[in-house]
Amino acid sequence: MILKENYLAIRKELSDKNVQLITVSKTKPVDDLRELFLLGQKAFGENYVQELVEKQPQLSSEIEWHFIGHLQSNKVKMIAPFVHTIHAVDSFSLLLEIEKQAAKCNRTINCLLQIHIADEATKFGLTENELLEILEKIKSMPLKHAVIDGLMGMATFTEDESKIENEFRLLKLLFEKVKNDFLKSEKSFQQISMGMSSDYKIAVAQGSTMVRIGSLIFGERNYQQ
Ligand SMILES: *Cc1c(COP(=O)(O)O)cnc(C)c1O
């Protein structure tokens, strides 16, 4: 069961602001995804490789799959034949593996570099310096199949909205800095993936171009299933 009214309202709100909606369907049955697809939703986000490779063949090939979870290098090959964007690239070695597997499939895969903006040690992501190091390496070794399409970040899980706002603002500033200093000639560096069910409005106000929304549209997740 999807929350259809929520979906339609959020979709309208975001399209008015030119922000792309990724509906996050982890743990949800393919019937729910299909229902949303029939309402016109094209971009779906999944967190687990096994779950994604099981769902993908059961659904329309028109779906744009976004992998938003933490990805281990040895699993890239399982999703490389079809994945559209990988949101949480947090090391140069992972980027190289995506380049290699995408090349084997003779396609390109969009990559978002995940930045650690929250103050929680548990959230993955690069520091600003680690990001700049990766960008330096790419300068001397341009990638052809892994397209650096922007940045991604997750804010601290807190009630403190000004803290969330600050974290998203920092990500936006870092994006502008990279765009101006490193990737001026890159047409592809366009996306700032930030915002989920609890904080997407704050993220959009801070310049998000892509939000990842799960529970507001699919209902709460039950991990026991
Ligand atoms: C699960 C998840 C989401 C969606 O979370 P909701 O709170 O259900 O909207 C967004 N981004 C990432 C990286 C996630 O793992």
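This passage describes the ligand site and a set of individual residues in a predicted model.

The ligand sits in the largest pocket. Its shell holds 13 residues, and K26, N47, S197, S215 and R221 come nearest. By class, the shell is made up of 6 nonpolar, 4 polar and 3 charged residues. Close pairs of atoms link the ligand to the protein through both side chains and backbone. The side chain of R221 places an N or O atom 2.7 Å from an oxygen atom of the ligand. R212 also takes part, with a polar side-chain atom 2.9 Å from a nitrogen atom of the ligand. G214 contributes through its backbone, where an N or O atom lies 2.8 Å from a ligand oxygen. On its own, the ligand has 390 Å² of accessible area, and the protein covers 91% of this.

N222 follows in the segment after helix 9, which spans residues 215-218. N222 is partly exposed, because its relative accessibility of 34% falls between the limits of 20% and 50%. Along the chain, N222 and T27 are 195 residues apart. In space, their C-alpha atoms are separated by 7.3 Å.

S208 occupies the loop between helix 8 (200-205) and strand 8 (210-213). Its relative accessible area is 5%, so S208 counts as buried. The side chain of S208 reaches the backbone oxygen of M210 at 3.0 Å. M210 belongs to the range given for strand 8, residues 210-213. The contact thus runs from a loop residue to that strand.

A second buried residue with a polar contact is E51, which is found in helix 3 (residues 49-55). E51 has a relative accessibility of 17% and counts as buried because this value is under 20%. The side chain of E51 makes a polar contact of 2.6 Å with the side chain of K55. K55 is within the residue range of helix 3, 49-55.

Two asparagines have positive phi angles. For N18, which is not a glycine, phi is about 65°. N18 lies in the loop between helix 1 (4-16) and strand 1 (20-24). It counts as exposed, because its relative accessibility of 72% is over 50%. For N106, phi is near 55°, again a positive value in a residue other than glycine. N106 is found in the loop that joins helix 5 (92-104) to strand 5. At 68% relative accessibility, N106 is exposed too.

Strand 5 covers residues 109-115 and is followed by another loop, which leads to helix 6 (128-139). A121 is placed in this loop. With a relative accessibility of 79%, A121 counts as exposed. A121 and M196 stand 75 residues apart in sequence. The distance between their C-alpha atoms is 19 Å.

In summary, the ligand lies in the largest pocket, with 91% of its own accessible area covered by protein. Its polar atoms are approached by the side chains of R212 and R221 and by the backbone of G214. Elsewhere, S208 and E51 are buried, whereas N18, N106 and A121 are exposed.

Notes. Residues numbered from 1 in each chain as written. Predicted model: local features only at pLDDT ≥ 70, side-chain atom pairs only at ≥ 80, totals over all residues. Heavy atoms only, no water. Helix = DSSP H or I, 4+ residues; strand = E, 2+ residues; numbered from the N terminus. Buried < 20%, exposed > 50% of the residue type's maximum accessible area, 1.4 Å probe, protein only. Near = heavy atom within 4 Å. Polar contact = N/O pair within 3.5 Å; in protein donor to acceptor, adjacent residues only side chain to side chain. Areas by Shrake-Rupley, 256 points an atom, 1.4 Å probe, with all protein chains shown as cover. 1 Å grid on protein atoms, 1.4 Å probe; cavity = no way out; pocket = protein on both sides within 12 Å on 5 of 7 lines; lining within 4 Å. Sits in = over half its atoms within 2 Å of the grid points. Nonpolar A, V, L, I, M, F, W, Y, C, P; charged D, E, K, R; others polar.
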